[in-house]
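Reader: Please take me through the pockets of this model. I would like a close look, with the cut-offs stated as you go.

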Amino acid sequence: MTNHWIDFKNSDVILIMGSNLAENHPIGMKWVLEAKDNGAKLIVVDPRFTRTAAVADMYLPIRPGSDIAVYGGLINYILENNLYFEDYVKNYTNATFLVNPELKMPGELDGLFSGYDKATKKYDKTTWGFQKDETGKVIKDSTMQDPNCVFQLMKKHFSRYTIDMVSNISGCPKDKLLNF
């Protein structure tokens, strides 16, 4: 979190994952409740039904340690349904940058990125860099359609986080995840 707790009061939706804000940060929770009074929706994702979950508009129970799968599913859903601010992504992130075509993703190499050395258990990150022109400037694809641009590689990486996979890993029922 990079903003102040008070800024929560300006939210439309608040996602709390793996934290019991009501118990651990009651002053912060004050601003979440003010946001709810102003019409914000509170979603809590946690293995435990906590005091925070008790006041949530939506509570999603998950298995301990499965939050990364839920995040992966959320990212996949956002990317597949174009629910991101495209202008921001294109102009203020590295999504348009072209990555070295020699990079191999986990789906291509038994769950590992290219460059892994089994003997040392370390990565050689040579293939992980960006493509550069003759002046050393990163090459970009402003359409984000090139299969080697960061955006397309991210879509490819998160595409495996289907609703079925996330439900199986997290233990959260599919209908709850679909309403998330």
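Author: What follows covers the pockets, with a short view of the whole chain first.

This is a predicted model, where local features need pLDDT of at least 70, side-chain atom pairs count only at pLDDT 80 or more, and totals for chains, interfaces and linings use all residues. Residues are numbered from 1 along each chain as its sequence is written, and side-chain values use heavy atoms, with hydrogens and water left out.

The chain has eight helices and five strands. Helices (H or I, at least four residues) and strands (E, at least two) are DSSP runs, numbered from the N terminus. Along the sequence, their order is β-α-α-β-α-β-α-α-β-β-α-α-α. The C-alpha atoms fill a box of roughly 55 × 35 × 30 Å along the principal axes. Of the 180 residues, 33% count as buried. Buried means under 20% relative accessible area, exposed over 50%, and partly exposed in between (1.4 Å probe, protein chains only).

Now the pockets. Rolling a probe the size of a water molecule over the atoms shows where empty space is left. The search runs on a 1 Å grid over the protein atoms alone. A pocket is an open set of points where a 1.4 Å probe fits, with protein on both sides within 12 Å along at least five of seven lines. Lining residues have an atom within 4 Å of a point. Grid points are joined across faces, edges and corners, and a volume is the space filled by probe spheres set on the points.

The largest pocket has a volume of about 300 Å³. It is lined by 16 residues, and the closest to its centre are Gly73, Leu74, Tyr77, Ile163 and Leu177. Three elements give two or more residues to this lining: α4 (67-80), α7 (163-170) and α8 (174-179). Helix α4 gives the largest share, seven residues. By class, the lining of the largest pocket holds 11 nonpolar residues, four polar and one charged. Here Ala, Val, Leu, Ile, Met, Phe, Trp, Tyr, Cys and Pro count as nonpolar, Asp, Glu, Lys and Arg as charged, and the others, Gly among them, as polar.

The second largest pocket has a volume of about 200 Å³. Its lining includes Val99, Leu103, Met105, Phe113, Trp128 and Phe130. Val150, Leu153, Met154, His157 and Phe158 also line the second largest pocket. That lining has 10 nonpolar residues, one polar and no charged ones.
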